[in-house]
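Q: Please take a close look at one strand of this model and explain, step by step and with every term defined, how it sits among its surroundings.

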Amino acid sequence: MGAPRFIVLEGVEGSGKSTQIRLLDAWLGSLGLEHVRAREPGGTQVGEAIRHVLLHGDEEEMPAETELLLMLAARAAFVREVVRPALEAGRTVLADRFDFSTFAYQGFGRGLPLDQVRELNRFATGGLVPDLVVVLDLPPELGRERQAREGKTLDRIERAGPGFMERVRDGYRALAVSEGNARMVDGRGTPEEVHARLRALLESSFPETFRPSPV
């Protein structure tokens, strides 16, 4: 197997990230690849506490700047306590969200200046950049339909409304085109169909890591 990789899945609400992370987790296990599966915000004690405030707190309205800084506070702990130690130990990291979420949600969605968001993010991450960010592209209305079918209770950010989610999707699509470490994958179809697309992308991008060694 090749070098450990830091792989991130991104997308609007209902795009299937969490399902695909679970499927990739099982696939990497079948390859015998040492890896860590994690989510953002969260993954650490302080990160999970911040996640609760951000997504499930009683405060419906929160200044965009406060939301941004809370996200980055959780990310700083996530990088130092989860991602860097795993990579240094030779483990690949699969993350459900990372910095693109901040650029898309707090930058494009909330309207905060993207240059400032990026600068603050670099401070929080210590300059760590994923090897690959996969944007699962899905129209927000399809994501809402999926959530409704599953009976999901919407969190504070998910309740921001269709216009907000459209801006977030536009942000993700712009990032997928402009950032060299990003690729966009069609999030439509069955979980198995999307998983096949993701596997093909990982195998072609990092064959030394994600293709089984010949027996």
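A: Two strands count as paired if DSSP finds at least two bridges between them, and the strands themselves (E, at least two residues), like the helices (H or I, at least four residues), are DSSP runs numbered from the N terminus. This is a predicted model, in which local features need pLDDT of at least 70 and side-chain atom pairs count only at pLDDT 80 or more, while totals for chains, interfaces and linings use all residues. Residues are numbered from 1 along each chain as its sequence is written, and side-chain values use heavy atoms, with hydrogens and water left out.

The strand to examine is β4, which covers residues 132-137. On one side β4 runs parallel to strand β1 (residues 6-11), to which five bridges join it, and β4 also pairs in the parallel sense with strand β5 (residues 182-186), again over five bridges. V135 shows both pairings, since E10 stands opposite V135 and M184 in β5 is a bridge partner of V135.

How many of the six residues of β4 are buried? Six of the six are, where buried means under 20% relative accessible area, exposed means over 50% and partly exposed lies in between (1.4 Å probe, protein chains only). In a regular strand the side chains alternate between the two faces of the sheet. In β4 both faces are covered, with L132, V134 and L136 buried on one side and V133, V135 and D137 buried on the other.

One residue in contact with L132 is F6, where contact means heavy atoms within 4.5 Å. Leaving aside neighbours within four places in sequence, F6 also touches V83, L87, V93, A95, F98, L128, V129, P130 and D131. F6 is itself buried, with a relative accessible area of 1%.

F6 also takes part in ring pairing, for which rings of Phe, Tyr and Trp (its six-membered ring) must have their centres within 6.5 Å, with planes under 30 degrees apart counted as stacked, over 60 as edge-to-face and the rest as tilted. By this rule there are seven aromatic pairs. The ring centres of F6 and F98 are 5.0 Å apart and their planes stand at 75°, so this pair is edge-to-face. Because F6 lies in β1 and F98 in the loop between β3 (92-96) and α4 (99-109), the pair ties together parts that are 92 residues apart in sequence. F98 is buried as well, at 0% relative accessibility, and together with F6 and F78 it forms one aromatic cluster.

Finally, F6 and F78 are among the residues that touch the most other members of the largest nonpolar core, which has 39 residues; such a core is a set of buried Ala, Val, Leu, Ile, Met, Phe, Trp, Tyr and Cys residues joined through side-chain atoms within 4.5 Å. The elements giving two or more residues to this core include β1, β3, α4 and β4, but the largest share, ten residues, comes from α3.
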